[in-house]
Amino acid sequence: MGKAMLLAAAGVALAWSGAAQAQRYDATITRTQHGVPHIVAKDWRGAGYGVGYAYAQDNLCMIAEEFATVAGERSLHFGAKGSATLGFQSVDNLSSDLFFRSAIDVPALRRGAKEQGAAALALTAGWVAGYNRYLKDLGPERVPAECRGKAWVRAITADDMLRLNEKQMLLASSLNFAPAMANAVPPGSEPPTKTSAAMPDPAKFEVASNGWAFGGDVTANGKGMVIGNPHFPWAGPSRFWQMHVTIPGKMDTAGVGIAGSPFPTLGFNKDIAWTHTVTAARHFTLYQLALDPNDPTAYLVDGKSEKMVVKAVTVPMPDGAAPVTRTLYSTRFGPVIVIPQAMANWSKATAFAMRDANAGNQRGIGTWVRIATAKNVGEVRAAVTETLGIPWVNTIVADRHGDALHADVTAVPNVSAEKAKACATPLSPAVARTAILLDGSKSACAWDAAAGTPVPGLMPAADQAVQARRDYVANMNDSYWLSNADHPHPVLSPILGEAEKPVSLRTRSGFIETRALIAGGKVDHARAKAMTFANKSHAGELALKPLLALCAGKDVADACAALAKWDGRFELDSRGAWLFDRFWMKVARLPGIWAVPFDAKDPVHTPRDLVISGETGDKLVAALKSAAEEVTKAGIALDARWGDVAFAQRITDRIPIHGGDGALGVLNVQMMVPAPGGVTPRHGSSYVQVVGFDDAGPVADTILSYSQSPDPQSPWYGDQTQMYSRKQWVRFPFTPAQIAAAKVGKAVRIAE
């Protein structure tokens with residue numbers, strides 16, 4: 001990795017903004033407690049340079065592998081039969097490579113990159129140069145052992161960042177259809193591999209979150225306050241990473257980003273704080289195609305035959321093996337997909353395609369620059385609504401003036417309720433839970449073009465949901481309909497999510513706790529933090545007492561006795577919590593378990609009243625018995641302390657973890673997977689922030705549950721995880737004096 005290669009890579013990045021290659025990069029990095037880098041630079045390019053350098057220090061092997069993934073090189077480096085995590089499923093490496101080599105149009109992304117704006121382009125170009133500078137400074141012999149000597153640890157270019165950004169944009173849409181695209185072949189052809197493709201299941205849409213914005217009418221000092229509790233993976237490129245970026249006079253923003261973020265995309269500055277939650281809106285549609293009877297690779301639109309676009313995609317293989325070439329097909333409605341489980345097969349008469357509103361979305365980074373530098377809620381609203389650049393998350397924000405906002409405004413197909421109904425096919429109801437399926441035989445079923453949108457076919461912000469208030473707004477991943485439980489939003493297009501339908505137990509718990517918080521007095525940091533980590537289970541609140549009455553005297557005496565010890569929470573000292581978790585996962589979707597049905601006029605408290613009589617009662621007892629057997633078989637006591645069951649391993653430290661599954665109505669979500677002697681977090685509360693304001697600037701309490709670095713050799717591998725376990729918070733050092741007081745080691749200046 002010589003200097004010439006690094007300069008060439010930086011030069012490609014600079015070409016995005018038309019800047020001269022002779023310009024210098026210059027940044028100073030000061031680390032404070034827990035490894036948080038505070039990057040100071042005189043311009044946007046220098047800020048990105050410092051962030052890219054510091055991020056590589058903490059995440060080199062992980063992010064280097066991610067660059068190999070988005071380049072479509074997993075088969076080459078890790079073998080075609082290995083697997084990658086794309087979106088919310090595990091995908092074989094060959095399907096992953098085929099997807100990235102076909103779905104990502106790099107020349108188009110280069111052309112569209114200017115949409116991000118000059119600041120975003122310069123930040124990203126700087127990130128590329130900073131990453132490459134760290135590789136140079138490190139040298140091959142000092143690369144972490146995990147990836148030392150690997151060919152995929154290499155200098156990067158602007159194209160690598162374009163691919164990475166596109167992957168992040170597609171996280172809630174195309175990425176989940178990668179096997180369905182990679183294995184779609186015409187009728188009569190043998191499927192190249194047995195596809196694992198499945199329709200995305202909203203119930204398993206795990207990149208979720210809770211977010212609150214409190215207005216000045218309910219806070220202790222009359223200024224806004226934000227609670228951000230995003231639920232993200234504990235491992236991999238979607239891990240959050242803390243940073244603070246300062247460009248005097250332009251940006252002074254702290255918070256987090258995921259892999260490749262050149263500045264905080266969730267956090268705070270001196271005037272606003274914001275968080276994001278995954279929206280219930282759908283960012284794609286499916287199309288059912290009527291095929292030309294004479295050609296299964298042509299389809300009929302308004303009775304006229306239209307040939308599919310054919311593309312040969314070649315994937316390099318390891319160890320000198322011949323590359324694999326696959327022919328893939330696409331239409332005016334997007335790539336052809338095959339999902340047998342959803343009856344989406346390619347026959348002589350019918351095929352299916354998928355169109356993604358975020359394909360080629362180059363507006364996101366520029367939108368986040370505007371948010372990160374906003375001075376009030378109004379500027380955030382303008383950024384989100386004017387660009388339609390936010391890909392798949394709600395935006396929840398409050399400012400020092402006491403205004404609060406929830407904007408469920410994203411890149412969404414412009415499909416009205418009327419169009420969805422008029423363009424439905426006989427198969428549409430069967431997939432309605434996960435997707436809107438439209439009739440591709442009619443040109444009138446294309447997305448509607450509306451004036452003023454940056455891309456034709458996107459739904460204008462005026463038709464999406466925004467609530468601006470002075471009390472509170474909140475979202476726990478249910479639809480726009482409830483962002484304030486006392487003021488539901490009018491019903492909008494179904495592509496934005498369901499309205500006047502049952503919401504999750506986590507959403508119900510969130511609004512119950514919010515109402516209680518406000519009723520108990522003015523909201524301040526201490527009370528906000530206590531609510532965030534209260535670890536109550538709303539499922540336990542609804543079901544535990546009747547379940548104990550039911551199981552008394554049945555042949556589940558031990559399980560019943562263990563549940564009698566449970567306090568209804570997922571605290572470290574809560575006994576029997578894992579038993580209730582296993583029980584609830586078996587019964588939560590049983591029909592008829594609630595005596596009081598859902599009422600759209602009282603969505604927070606319905607359905608309720610567990611049915612414990614008759615056949616339903618028998619099923620509950622059987623489920624409890626099965627849950628007890630499962631827990632016992634795993635070698636866990638029925639009344640085990642939750643802190644003895646749930647833990648995060650950090651080298652030799654077994655750190656107990658509080659929080660539970662959101663399906664149990666736990667706000668502090670931790671979704672667990674089996675581990676030796678118990679379970680460990682795979683996904684859940686990650687970067688948690690409670691941010692308010694005083695007269696000088698932000699007052700932020702933060703914690704990063706899994707700690708700053710995934711590298712076991714890093715001093716910041718488990719320190720915040722220990723703090724999270726003890727419910728401790730970090731008062732974030734924001735001012736120069738605070739940063740100096742919390743500094744760890746010497747500040748480092750890098751320049752070239």
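This text walks through the cavities, one helix pair, one enclosed helix and two buried residues of a predicted model.

Start with the empty space inside. Rolling a probe the size of a water molecule over the atoms shows where empty space is left. In this structure, three cavities reach 30 Å³ or more. The largest of them holds about 400 Å³ of space. Its lining numbers 24 residues. Closest to the centre of that cavity are Gln 168, Ile 258, Ser 261, Thr 265 and Trp 368.

Several elements build this wall. At least two lining residues come from each of helix H7 (158-169), strand E6 (225-233), strand E10 (272-278) and helix H9 (364-372). H7 gives the largest share, with five residues. What is the chemical character of the lining of the largest cavity, by class? It has 16 nonpolar residues and eight polar ones, and no charged residues.

The second largest cavity holds about 50 Å³ of space. Its lining consists of Ser 509, Glu 513, Met 531, Thr 532, Ala 534, Asn 535, Lys 536, Gly 665, Leu 667 and Asn 668. Two elements give two or more residues to this lining: helix H13 (505-519) and helix H14 (525-532). Here the classes divide into three nonpolar, five polar and two charged residues. So charged residues do appear in this lining, two by count, while the lining of the largest cavity has none.

Now return to H7, the helix with the largest share of the lining of the largest cavity. H7 also packs against helix H2 (residues 44-70). The two axes lie 9 Å apart, and the angle between the helices is about 85°. H2 is therefore roughly perpendicular to H7, because angles of 65 to 115 degrees fall in that class. On the H2 side, the contact uses Ile 63, Glu 66, Phe 67 and Val 70. On the H7 side, it uses Asp 160, Met 161, Arg 163, Leu 164 and Lys 167. By class, the residues of this contact are five nonpolar and four charged, with no polar ones.

Next comes helix H4 (residues 93-103). Is H4 largely enclosed or largely open? Eight of its eleven residues are buried, so H4 is largely enclosed by the rest of the structure. The buried residues are Asn 93, Leu 94, Ser 95, Ser 96, Asp 97, Leu 98, Phe 99 and Phe 100.

Two single residues complete the tour. Val 36 sits in strand E2 (residues 36-40). Its relative accessibility is 4%, so Val 36 counts as buried, since buried means under 20%. Val 36 and Pro 733 are 697 residues apart in sequence. In space, their C-alpha atoms are 9.6 Å apart. Leaving out residues up to four places away in sequence, Val 36 touches Thr 30, Arg 31, Gln 242, Met 243, Gln 708 and Phe 732.

Pro 607 lies in a loop, between strand E23 (594-596) and strand E24 (608-610). At 16% relative accessibility, Pro 607 also counts as buried. Which residue of the chain lies 13 places from Pro 607 in sequence and 6.1 Å from it, C-alpha to C-alpha? That residue is Trp 594. Trp 594 is also among the residues that Pro 607 touches. The others are Arg 508, Val 596, Pro 597 and Phe 598, again not counting residues up to four places away in sequence.

Technical notes
Residues are numbered from 1 along each chain as its sequence is written. This is a predicted model: local features need pLDDT of at least 70, side-chain atom pairs count only at pLDDT 80 or more; totals for chains, interfaces and linings use all residues. Side-chain values use heavy atoms; hydrogens and water are left out. On a 1 Å grid over the protein atoms alone, a cavity is a set of points where a 1.4 Å probe fits but cannot get out, and a pocket is an open set with protein on both sides within 12 Å along at least five of seven lines; lining residues have an atom within 4 Å of a point. Grid points are joined across faces, edges and corners, and a volume is the space filled by probe spheres set on the points. Helices (H or I, at least four residues) and strands (E, at least two) are DSSP runs, numbered from the N terminus. Axes are lines fitted to C-alpha atoms, for helices over the stretch in contact, and angles run from 0 to 180 degrees between N-to-C directions. Angles under 35 degrees count as roughly parallel, over 145 as roughly antiparallel, 65 to 115 as roughly perpendicular and the rest as oblique. Contact means heavy atoms within 4.5 Å. Buried means under 20% relative accessible area, exposed over 50%, partly exposed in between (1.4 Å probe, protein chains only).
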